[in-house]
Amino acid sequence: MKKKAGLRARRAAAVGTGIAAAVAGGVLAGSGWAFDKAFRPKGDRAVKPDVVPDGPQYAPYADQIRRSVENAAKKPFEPVEILSGDGLYLFGRYYPGEGVWNGSRNSSKSSVPPGTKDLQKRPLALFFHGYRSPALRDGCGGFSLVQEMGYDLIMVDQRGHGGSEGNAITLGVREQYDCLDWIRYCVDRFGPDKPLILIGLSMGASTVLLASGHSLPACVKGVIADCGYSSAEKMIRQQVVRMGLPEKPGWRLVQLGAKIYGGFDPKDGEVCRALLHCSIPALLIHGQEDRFVPWEMSMENFDAIPGEKELMIVPGAGHGMSWYLDQEGYRKAVKTFCRKILA
């Protein structure tokens with residue numbers, strides 16, 4: 001009897017172990033699938049910038065976007081590269097401002113002689129693009145505006161995109177530290193007196209907002225964030241529901257995949273929490289018809305900022321389309337904000 005009881009116990013234990021192993025294997029496979037779906041960079045990182053995303057929110061501006069990309073692509077640039085804190089080579093395009101900087105605008109007729117002083121005093125915009133998007137397409141509207149204002153510009157390829165290394169897109173969790181590394185690069189190259197403005201769109205907006213919660217050098221004068229989200233976790237939960245999956249287990253699976261295969265926790269991408277420590281002026285812009293990042297998220301970010309801040313909500317604009325829908329209003333808001341923070 002004792003032998004039979006022991007045999008049954010061993011069989012039950014073996015079955016239990018097998019079931020546990022199968023469940024663990026299923027969870028591991030599922031979290032791997034979730035990581036690939038949410039965080040793995042595309043196989044072809046050189047996404048063509050003139051390929052406009054599908055959907056009714058982009059279709060009305062497709063030709064305009066392509067023309068803007070074409071014009072920006074013609075501009076000469078200097079390839080620049082930095083090493084991130086975790087050992088990745090990150091790529092960017094440096095576009096020096098045109099003409100001579102006279103302290104307020106770009107003017108070839110200025111009496112101020114060009115040279116080192118001109119280079120140090122001319123503001124520089126650091127631009128960060130969105131999720132699985134090319135910098136040139138996301139930034140082509142801002143590109144023309146920054147050039148119009150006479151600023152220098154660095155368009156960054158975020159980790160896992162374009163010419164930058166990286167096997168995980170972390171929704172701002174690590175990208176915020178890349179932004180700090182780019183700031184250090186600018187200070188080392190151009191000196192501590194060169195004014196810097198952080199600009200981002202979509203995930204890039206949340207990247208620069210997360211970075212603004214850190215201690216920054218005095219040369220960083222402000223941040224402009226277009227259609228940024230308030231929480232990486234909220235964005236993931238939203239996408240899980242849109243895919244028809246149960247929210248809580250779906251989120252847990254994605255979070256587990258990020259931890260196992262990417263070595264990060266999306267919960268660390270809480271923009272609102274970071275903004276409680278923001279000490280630089282901020283301009284937030286968002287299209288009210290954004291169907292990807294709800295415009296209310298910019299309201300949440302705005303409310304979290306304790307200091308100087310401005311908000312522009314563009315009625316009728318979809319995700320990242322505020323510039324194309326209302327260029328006059330966008331231009332006025334950005335120029336007014338920049339004049340104020342650089343005064």
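Which residues does Met 203 touch, not counting residues up to four places away in sequence? They are His 129, Gly 130, Tyr 131, Gln 158, His 161, Ile 169, Leu 171, Glu 175 and Tyr 229. The model is predicted. The chain has 13 helices and ten strands, and 51% of its 343 residues count as buried. Among contacts in the chain with a separation of 6 or more, 76% are between residues 24 or more positions apart.

**Met 203 and Leu 171**

- Met 203 lies in helix α7, which spans residues 203-211.
- With a relative accessible area of 1%, Met 203 is buried, because the cut-off for buried is under 20%.
- Leu 171, one of the residues that Met 203 touches, is 32 residues away from Met 203 along the chain, and the two C-alpha atoms are separated by 6.3 Å.
- Leu 171 sits in the loop between β6 (152-156) and α6 (175-190).
- The relative accessible area of Leu 171 is 10%, so Leu 171 is buried as well.
- The phi of Leu 171 is near 55 degrees, a positive value in a residue other than glycine.
- Most residues other than glycine have a negative phi.

**Packing of α6 and α7**

- Two packed helices are described by the angle between their axes and the distance between the axes.
- For α6 and α7 the angle is about 70 degrees and the axes are 8 Å apart.
- This angle makes α6 roughly perpendicular to α7, because the range for that class is 65 to 115 degrees.
- The crossing of α6 and α7 is right-handed.
- On the α6 side the contact involves Glu 175, Gln 176, Cys 179 and Leu 180, and on the α7 side Met 203, Thr 207, Val 208, Leu 210 and Ala 211.
- By class, the residues of the contact of α6 with α7 are six nonpolar, two polar and one charged.
- Glu 175 of α6 is also in the list of residues that Met 203 touches.

**Packing of α8 and α9**

- Helix α8 (residues 232-242) packs against helix α9 (residues 247-262) at an angle of about 120 degrees, and their axes are 9 Å apart.
- That angle makes α8 oblique to α9, because roughly perpendicular covers 65 to 115 degrees and roughly antiparallel applies over 145.
- The crossing of α8 and α9 is right-handed.
- From α8, the contact is made by Glu 233, Ile 236, Arg 237, Val 240 and Val 241; from α9, by Glu 247, Lys 248, Gly 250, Trp 251 and Val 254.
- The residues of the contact of α8 with α9 comprise five nonpolar, one polar and four charged.

**Gly 257 in α9**

- Gly 257 is found in helix α9.
- Its relative accessibility is 0%, so Gly 257 counts as buried.
- Leaving aside neighbours within four places in sequence, Gly 257 is in contact with Ser 31, Phe 35 and Gly 262.
- Gly 257 and Lys 37 are 220 residues apart along the chain, and their C-alpha atoms are separated by 9.9 Å.

**Packing of α5 and α13**

- The axes of helix α5 (residues 140-149) and helix α13 (residues 327-342) come within 11 Å and cross at roughly 50 degrees.
- α5 and α13 are therefore oblique to each other, because roughly parallel needs an angle under 35 degrees and roughly perpendicular begins at 65.
- The crossing of α5 and α13 is right-handed.
- Leu 145, Glu 148 and Met 149 of α5 make the contact with Tyr 330, Arg 331, Val 334, Lys 335 and Cys 338 of α13.
- Five residues of the contact of α5 with α13 are nonpolar, none are polar and three are charged.

**Cysteines**

- A disulfide is a covalent bond between the sulfur atoms of two cysteines.
- With a cut-off of 2.5 Å between cysteine sulfur atoms, the count is zero disulfides.
- Cys 272 has 22% relative accessibility and so counts as partly exposed.
- Cys 278 is buried, with a relative accessible area of 6%.
- Cys 227 lies in the loop between β8 (220-226) and α8.
- Cys 227 counts as buried because its relative accessibility is 0%.
- The phi of Cys 227 is near 55 degrees, a positive value in a residue other than glycine.

Definitions and conventions:
Residues are numbered from 1 along each chain as its sequence is written. This is a predicted model: local features need pLDDT of at least 70, side-chain atom pairs count only at pLDDT 80 or more; totals for chains, interfaces and linings use all residues. Side-chain values use heavy atoms; hydrogens and water are left out. Buried means under 20% relative accessible area, exposed over 50%, partly exposed in between (1.4 Å probe, protein chains only). Axes are lines fitted to C-alpha atoms, for helices over the stretch in contact, and angles run from 0 to 180 degrees between N-to-C directions. Helices (H or I, at least four residues) and strands (E, at least two) are DSSP runs, numbered from the N terminus. A crossing is left-handed if the near helix is turned anticlockwise from the far one by less than a right angle, and right-handed if clockwise. Contact means heavy atoms within 4.5 Å. Ala, Val, Leu, Ile, Met, Phe, Trp, Tyr, Cys and Pro count as nonpolar, Asp, Glu, Lys and Arg as charged, and the others, Gly among them, as polar.
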